[in-house]
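This report describes a single protein chain through its salt bridges, its nonpolar core and selected helices. The sequence and structure come before the text.

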Amino acid sequence: MAELSAATQSPSVSSSSSGAEPPAPGSGGSPGACPALGAKSCGSSCAVHDLIFWRDVKKTGFVFGTTLIVLLSLAAFSVISVVSYLILALLTVTISFRVYKSVIQAVQKSEEGHPFKAYLDLDITLSSEAFHNYVNAAMVHINRALKLIIRLFLVEDLVDSLKLAVFMWLMTYVGAVFNGITLLILGELLVFSVPIVYEKYKDPSKTPWNCQKKGRISTRKPEMQQLLKHHLIVITLLLVP
C-alpha cells in the first residue's frame, strides 16, 4: 500500500520539481524592457543618438532645418535682428491663429474659449528643488572646467600645456579662414551627415560598389576614410568665403 501511494504521488512531485524556474535576472523579461544600461543612463544620450542618426526623419529634419536657418541668419544679420525677426514671426503666427479662432467662434456662435487655454493652464513654474538640482549639476561641470584650466595654465603637466599651446596656434590659422558662425554651420553639417554616411557604408557587403550580380561580392574594399574626407572637403568648400 505504501508503494502504491508513493507511485500515485510521484507524478505530482516530479511535475512540481520540473516546473518552470523563475527566469534569471537579465535573461528574460518583456520584449520592450530596457537593457542593462537602464532608462536613466539611456535618456539624453539615446535621444541625441536617434537624432543625429535620423531615426525619426521628421523630428531630425525639423531640428536640423531650424538650427541651420538660425545659423545662416546669424551669418547674414546681427543677433538683435535675428532675435527680433524670430519673435515677430512667432507673434504673427499666434496672433493670426487667435484672431482666426475668434472669428470662427463669432460666426458659428460657439463658446470654445481661448484656443491656447490648454497651454496657458500648464504649470511651468520651476520648483526650488529642481532649480537646486540643475545648479548642482552645472556646478560639477564648472568646477571640473576650472580645475582643468588651472592645470593647463599653471603647467601642472608640461606635455598637456604644450598640447594646448599647439592647438591654439593651429586655431589661429583656422580663425583666419573661418569665423565662429561658419564653424558652427560646418559642425552642424558634419554632425547631421557624417554619422548617417558612416552607418550606411560601414558594412562592406552593403556598399553599392561591392554589390555584384548573383550575390557575388567584389574584392574591392570601400574606402571609408576617403569617402568621409571627400564629404568634409565638399562642405568646407561650400562654406569658405
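A salt bridge is taken here as a side-chain nitrogen of Lys or Arg within 4 Å of a carboxyl oxygen of Asp or Glu. The model is a predicted one, in which local features need pLDDT of at least 70 and side-chain atom pairs count only at pLDDT 80 or more, while totals for chains, interfaces and linings use all residues. Residues are numbered from 1 along each chain as its sequence is written, and side-chain values use heavy atoms, with hydrogens and water left out.

**Confidence**

pLDDT is the predictor's confidence in each residue, from 0 to 100. Its mean over the protein chain is 75, and 66% of the residues reach 70 or more. Helices (H or I, at least four residues) are DSSP runs, numbered from the N terminus. Among the elements of the chain, the lowest mean pLDDT, 43, belongs to helix H1 (residues 2-17), and the highest, 94, to helix H6 (residues 128-153).

Residues 1-41 stay under 50 in pLDDT, and the model gives this stretch 1 contact (heavy atoms within 4.5 Å) beyond four places in sequence. Residues 207-222 are also below 50, but this stretch has 19 contacts in the model beyond near neighbours in sequence. Where pLDDT is low, the predicted coordinates should not be read in detail.

**Salt bridges**

The structure holds 4 salt bridges. Three of them are listed below with the distance between nitrogen and oxygen.

| Pair | N to O distance |
|---|---|
| Arg-55 and Glu-199 | 2.9 Å |
| Arg-151 and Glu-156 | 3.4 Å |
| Arg-151 and Asp-160 | 3.0 Å |

Arg-55 lies in the loop between helix H2 (38-52) and helix H3 (57-76), and Glu-199 lies in helix H8 (residues 180-201), so this pair ties together parts that are 144 residues apart in sequence. Relative accessible area (1.4 Å probe, protein chains only) is classed as buried under 20%, exposed over 50% and partly exposed in between. Arg-55, at 43% relative accessibility, is partly exposed, and Glu-199, at 27%, is partly exposed.

Arg-151, Glu-156 and Asp-160 are linked in a network of salt bridges. In this network Arg-151 is partly exposed at 25%, Asp-160 is partly exposed at 24%, and Glu-156 is exposed at 62%.

**Nonpolar core and helix H8**

A nonpolar core is a set of buried Ala, Val, Leu, Ile, Met, Phe, Trp, Tyr and Cys residues joined through side-chain atoms within 4.5 Å. The largest one has 7 residues: Leu-51, Phe-64, Leu-68, Leu-71, Ile-185, Leu-189 and Phe-192. Helices H3 and H8 each supply at least two residues of this core. Leaving aside residues up to four places away in sequence, Leu-51 touches Lys-59, Thr-60, Val-63 and Phe-192.

The buried residues of H8 include Thr-182, Glu-188, Ser-193, Pro-195 and Tyr-201. H8 bends by about 25 degrees at Ser-193 (the angle between axes fitted to the seven residues ending there and the seven starting there), and Pro-195 follows within four residues. The expected span of a helix is 1.5 Å times one less than its number of residues. For the 22 residues of H8 this gives 32 Å, which agrees with the 31 Å between its end C-alpha atoms.

**Gln-105**

Gln-105 is placed in helix H4 (residues 79-108). Its relative accessibility is 15%, so Gln-105 counts as buried. Beyond four places in sequence, Gln-105 touches Ser-110, Glu-112 and Gly-113.
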